[in-house]
Structure formats: structure tokens, C-alpha cells
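Please find below my notes on this model, set out as numbered points. They concern charged pairs, helix packing and the nonpolar cores.

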Amino acid sequence: MSSSTDHLDDLDRRIIAALQSDGRASWTEIAELSGSSVATVARRGQQLLREGVVRVAAIPGNNHAGAADLFVLRITCEPGTQMDVLAELVRHADLRFLSLVTGPYDILAELNLRREESLQARIVERILAIDGVQRCDTDLTLHVYKVSHDWSRQLLSDAPPEEVAEAHQCDPSHFDAVDRQIIDLMREDGRSSFRTVAAEVGLNESTVRRRFETLLSRGCILVTTLVPAPALGFESEIVLNITVAPPFLDSVARTLSRYRGVRYVAAMLSNNALMCELILPTTQDLFQFTTNTLGRMEGVQGWTASVVLLVLRRGFVETPWWRGSIETAQR
């Protein structure tokens with residue numbers, strides 16, 4: 001964790017939670033949610049963004065570059081090479097998610113592979129060829145039930161109840177070359193003004209606004225606020241691989257999706273399994289979830305778990321804090 005998160009107080013955390021609810025909200029709207037003045041919230045919020053504690057990004061759907069499949073990669077490294085391997089992998093733009101984890105493997109990643117590309121070439125020639133990589137177990141994601149980027153809303157006392165919407169499957173025809181230009185610019189800074197983006201792409205402001213809002217309303221893009229869970233005081237960020245009896249796979253996935261702390265649920269091809277990412281405030285909350293919720297669900301046969309140590313990419317976007325976290329750990 002970067003030392004830039006050591007000074008965060010309750011107001012900082014409420015500002016971040018408000019940004020997770022709507023990353024493009026005005027400072028006036030964020031001040032209303034945060035319970036402070038507009039001037040204070042704007043100053044604090046801009047500092048959080050400038051220091052890289054948080055990052056607001058417009059994240060495209062998996063099919064933004066063409067029809068694609070999502071694969072989960074579980075990578076095992078030679079001892080002591082994990083950070084070198086991660087430094088190479090973080091440059092791969094088609095990795096939607098990349099993290100260092102505990103457990104039987106070292107790195108968990110999601111590869112967004114266009115269907116005309118070769119999975120064999122991608123894994124053998126580009127992943128297994130990285131110095132330090134010993135093994136890469138690859139699994140196909142069959143269906144995504146939930147993706148939630150606003151898990152910290154529970155920090156806002158007046159946050160509305162969570163509405164569960166199944167992940168949108170965007171069609172490649174929903175994007176053209178101009179849309180991709182707009183997304184590329186707003187992936188770097190999701191709070192960029194439409195006027196600034198319009199100047200970059202050579203269109204008028206109203207056209208850029210209309211295109212962006214169309215993509216957003218369709219669910220082809222999401223405006224997301226990335227933040228490391230420990231910065232908000234959350235102790236437990238876990239990835240569960242849950243084995244489910246086949247007749248119950250769908251019902252268990254939909255039940256899990258209703259929990260706010262569950263930010264991701266997907267059905268995998270192998271082992272009648274669901275992959276579930278869970279972010280909870282404390283280890284005690286994790287204990288209560290696994291024993292009283294997950295352990296009592298009909299159809300759940302068991303699970304394995306990995307603790308997320310560091311996230312380097314989420315939603316195709318590099319996190320701004322991972323390098324600082326490593327530098328801090330090495331001092």
C-alpha cells in the first residue's frame with residue numbers, strides 16, 4: 001500500500017465512496033453525499049485523484065475491440081520472480097484483471113481474447129515465454145452474473161439498497177472507430193470534460209456527449225472509480241473458487257450476486273465452478289459469510305480461496321497505486 005493512503009480520514013473515505021457511486025458526479029453532488037462543503041470536497045477529491053489514491057476511468061465492455069472470449073489465467077512462478085512477471089504482464093492491454101494472490105498459484109489474471117486470435121499462441125508464445133513463469137492454468141468464463149465497482153457504498157449511510165443487474169454483453173457493432181477514440185481518452189481520465197475530449201477527437205462537444213451517454217446507457221461502458229480496498233479500511237479481499245452441484249449452479253450464482261460484498265460472480269467451464277470476488281470490511285465478516293451464508297447454500301460442495309495481495313489492472317485499466325505499494329514494501 002502506498003504511503004499516500006496513510007493519511008486518509010473518514011471524509012476522504014466518504015468522498016471515495018461517493019465517487020464509486022458516480023465517478024463523473026459534480027463536486028456539489030459529492031459534497032451532498034459526503035456531508036461537507038463543496039470547496040473542501042473539491043480540494044480533497046482532486047488531491048486523492050492527483051496522488052493516485054483513486055482513479056476514475058471509463059471501462060469498455062469485453063467486446064469493444066471485436067467479439068471476444070474471457071479466460072481466467074492462474075499463473076505459477078519460480079520463487080522470487082513474481083514481481084518481474086507482473087511487471088511484464090501489466091503491459092498487456094488485453095488483460096482485464098491482473099493481481100498477485102496467495103494460494104496454490106501466484107498470479108490471477110483475466111485475458112480478453114478476440115475470437116480470431118489464437119489462444120494457443122497467446123498462452124504459449126506470450127505468457128509461458130515470460131522468464132519466471134512455470135505454469136499457466138487456463139479456464140474459460142462461460143457467463144458473468146455480476147460485476148460491481150461500487151462496493152464501498154456501504155460507507156454512505158444514505159446509500160440506497162443494492163440493485164443487482166446481470167452483466168451486460170455488449171455487441172461489437174455498438175462501437176465504431178470514434179467511439180473507441182473517446183473510450184481510450186476517458187479510460188485514462190474518466191472525469192475529463194466532454195469539451196476536452198471533443199478537442200482531442202476533432203468533434204463538437206455535444207456529439208461526444210451524445211456518443212458517450214449512448215454507450216453508457218447501453219451498458220457498453222462503465223464509469224468506474226478504482227481504489228485499493230485497504231485504503232477504505234477493508235481487511236478482506238478474497239477470490240473464491242466455489243464448487244457447486246450442477247443443478248444448483250445458476251441459483252447459487254444468482255443468490256451470491258445479491259450480496260453487496262460480492263463484487264464479481266462468473267460461471268467457469270471447469271469443475272462445475274463459480275469464481276467469486278469478495279470484498280468485506282473485516283476478517284470476522286468473512287468468517288460470518290463463509291460459515292453462515294456460503295456454507296449453508298444448497299448445492300455448494302466446497303471452495304478454495306486466495307487472498308488478493310495487490311491489484312495491478314482492473315477493467316483493462318492499470319491501477320495507479322501498485323508501483324508505490326511495491327516501493328513501500330521494499331523499503
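1. In this predicted model, Glu205 forms a salt bridge with Arg209, and their closest N and O atoms are 3.5 Å apart. Because Glu205 and Arg209 are four residues apart in helix H8, about one helical turn separates them. Glu205 counts as partly exposed at 30% relative accessibility, and Arg209 likewise counts as partly exposed, at 34%.

2. Glu205 and Arg209 also belong to the contact that H8 makes with H7, where the H7 side is formed by Phe194, Arg195, Val197, Ala198 and Val201, and the H8 side includes Val208 and Phe212 as well. The residues of this contact divide into six nonpolar, three charged and no polar. Helix H7 (residues 194-201) and helix H8 (residues 205-218) pack at an angle of about 105°, with their axes 8 Å apart, and the two helices are therefore roughly perpendicular to each other.

3. A further salt bridge joins Arg187 to Asp184, with the closest N and O atoms 2.8 Å apart; both residues lie in helix H6, three residues apart. Arg187 counts as buried at 14% relative accessibility, whereas Asp184, at 41%, counts as partly exposed.

4. Salt bridges come to a count of 20, and Glu237, Arg263, Glu277 and Arg314 are linked in a network of them.

5. The largest nonpolar core has 38 residues, of which Ile16 and Ile30 touch the most other members. H7 and H8 are among the elements that each supply at least two residues of this core, while H1 gives the most, with five. A second, separate core of 30 residues includes Phe71, Val90, Ile107 and Cys136.

Key:
Residues are numbered from 1 along each chain as its sequence is written. This is a predicted model: local features need pLDDT of at least 70, side-chain atom pairs count only at pLDDT 80 or more; totals for chains, interfaces and linings use all residues. Side-chain values use heavy atoms; hydrogens and water are left out. Axes are lines fitted to C-alpha atoms, for helices over the stretch in contact, and angles run from 0 to 180 degrees between N-to-C directions. Angles under 35 degrees count as roughly parallel, over 145 as roughly antiparallel, 65 to 115 as roughly perpendicular and the rest as oblique. Contact means heavy atoms within 4.5 Å. Ala, Val, Leu, Ile, Met, Phe, Trp, Tyr, Cys and Pro count as nonpolar, Asp, Glu, Lys and Arg as charged, and the others, Gly among them, as polar. A nonpolar core is a set of buried Ala, Val, Leu, Ile, Met, Phe, Trp, Tyr and Cys residues joined through side-chain atoms within 4.5 Å. Buried means under 20% relative accessible area, exposed over 50%, partly exposed in between (1.4 Å probe, protein chains only). A salt bridge is a side-chain nitrogen of Lys or Arg within 4 Å of a carboxyl oxygen of Asp or Glu.
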